[in-house]
Amino acid sequence: MTYLTHRQQLCVHRFLLDLHAAGTVERLRTCVPTGLGRLIDSDRASFNELTPGSVVPSPVPSWWARFGDVYQHHLWDHPVWRSPRLHHVVGFDDPEHRTAWQGTALYQHYFIPLNIHHQISSVVYRGATIIGLALNRSTQSFSTFDRQLLRLLSPHIGRAWENALALAAARAAPGPSERARGVHQAVALTVTRPARQLVNLAADGAHLLQQFF
């Protein structure tokens, strides 16, 4: 059970409000790592998108140009990408992963040169793109509380990503009348203040007002 102080509750509520208000995948790429970094102390928080061809971290770290190819070449060494479980928090210090993990090429040639010795991560969405979260530290391991908090937030982040994808698809799809006409059309009207008299109204707007009001 994870117990939050009053201040921590306020911070979590603010993160969730920002998360679900983001609305687009572009904004999520920014607000998720920023918000996680405020809630869980770390040297770096990242929002990672894995497609069959590549991994794209947000924000892109300064070392990515030099070490990005190493990560992508050995990414399946990472236990979080191999795990089939959603919202399961994986840590470098987990007993079931520690020994095998420290012998991998990814750990030896990517994480050690970058002085990243502690990490907790989670996959929050699986689809055409797999979305993973990661928080890194160089010297101090993550606490049980840190892990539990990431586990609690993970489903919300996955849902926000799904909602953003659905919203983007809905915005891209034409409505029934638009499909029939083959065009997108907007209708505008102008009213006086207080709203008692129409000043300007397009013909289609008059038709819609008659139809629905």
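## Helix packing and salt bridges

Helix α2 (residues 25–39) and helix α7 (residues 144–172) have axes that come within 11 Å and cross at roughly 170°. That makes α2 roughly antiparallel to α7, since angles over 145 degrees count as roughly antiparallel. Keep in mind throughout that this is a predicted model.

Who does the touching here? On the α2 side you'll find Val25, Leu28, Arg29, Val32, Leu36 and Leu39. They meet Leu149, Leu150, Leu153, Ile157, Ala160, Trp161, Ala164 and Leu165 of α7. Sorted by class, the contact of α2 with α7 comes out at 13 nonpolar residues, no polar ones and one charged.

Helix α2 has another partner, α1. The axes of α1 and α2 sit 9 Å apart, and the two helices pack at an angle of about 175°. So α1 and α2 are roughly antiparallel to each other as well. From α1, the residues making the contact are Cys11, Val12, Phe15, Asp18, Leu19 and Ala22. From α2 come Arg27, Leu28, Cys31, Val32, Gly35, Leu36 and Leu39. The split for the contact of α1 with α2 is 10 nonpolar, one polar and two charged residues.

Now for the charged pairs. How many salt bridges does the count come to? It comes to five salt bridges, and these are three of them, with the N to O distance for each:

| Salt bridge | Closest N and O atoms |
|---|---|
| Arg14 with Asp18 | 3.7 Å |
| Glu49 with Arg29 | 2.6 Å |
| Asp94 with Arg147 | 2.5 Å |

Take Arg14 and Asp18 to start with. Both lie in helix α1 (residues 6–22), and because they are four residues apart there, about one helical turn separates them. Asp18 also turned up in the contact between α1 and α2. With a relative accessibility of 34%, Asp18 counts as partly exposed.

Next up is the bridge between Glu49 and Arg29, at 2.6 Å. Glu49 belongs to strand β1 (residues 44–50) and Arg29 to helix α2, so this pair ties together parts that are 20 residues apart in sequence. Is Glu49 buried or exposed? At 10% relative accessibility, Glu49 counts as buried, because the buried class means under 20%. Arg29 has 27% relative accessibility and therefore counts as partly exposed. Arg29 is also among the α2 residues that meet α7.

That leaves Asp94 and Arg147, whose side chains meet in a salt bridge at 2.5 Å, N to O. Asp94 is in the loop between β3 (90–91) and α5 (95–102), whereas Arg147 is in helix α7, so the pair ties together parts that are 53 residues apart in sequence. Asp94 has a relative accessibility of 7%, so it counts as buried.

What else does the side chain of Asp94 reach? The backbone nitrogen of Gly91, at 2.7 Å. The 2.5 Å approach between the side chains of Asp94 and Arg147 is a polar contact too. Leave aside the neighbours within four places in sequence, and Asp94 is in contact with Val89 and Arg147.

Put the pieces together and α2 runs roughly antiparallel to α7, with α1 and α2 also roughly antiparallel to each other. Arg29 of α2 pairs with Glu49 of β1, and Arg147 of α7 pairs with Asp94 in the loop between β3 and α5.

Terms used:
Residues numbered from 1 in each chain as written. Predicted model: local features only at pLDDT ≥ 70, side-chain atom pairs only at ≥ 80, totals over all residues. Heavy atoms only, no water. Axes fitted to C-alpha atoms, helices over the stretch in contact; angles between N-to-C directions. Parallel < 35°, antiparallel > 145°, perpendicular 65-115°, else oblique. Contact = heavy atoms within 4.5 Å. Nonpolar A, V, L, I, M, F, W, Y, C, P; charged D, E, K, R; others polar. Salt bridge = Lys/Arg side-chain N within 4 Å of Asp/Glu carboxyl O. Buried < 20%, exposed > 50% of the residue type's maximum accessible area, 1.4 Å probe, protein only. Polar contact = N/O pair within 3.5 Å; in protein donor to acceptor, adjacent residues only side chain to side chain.
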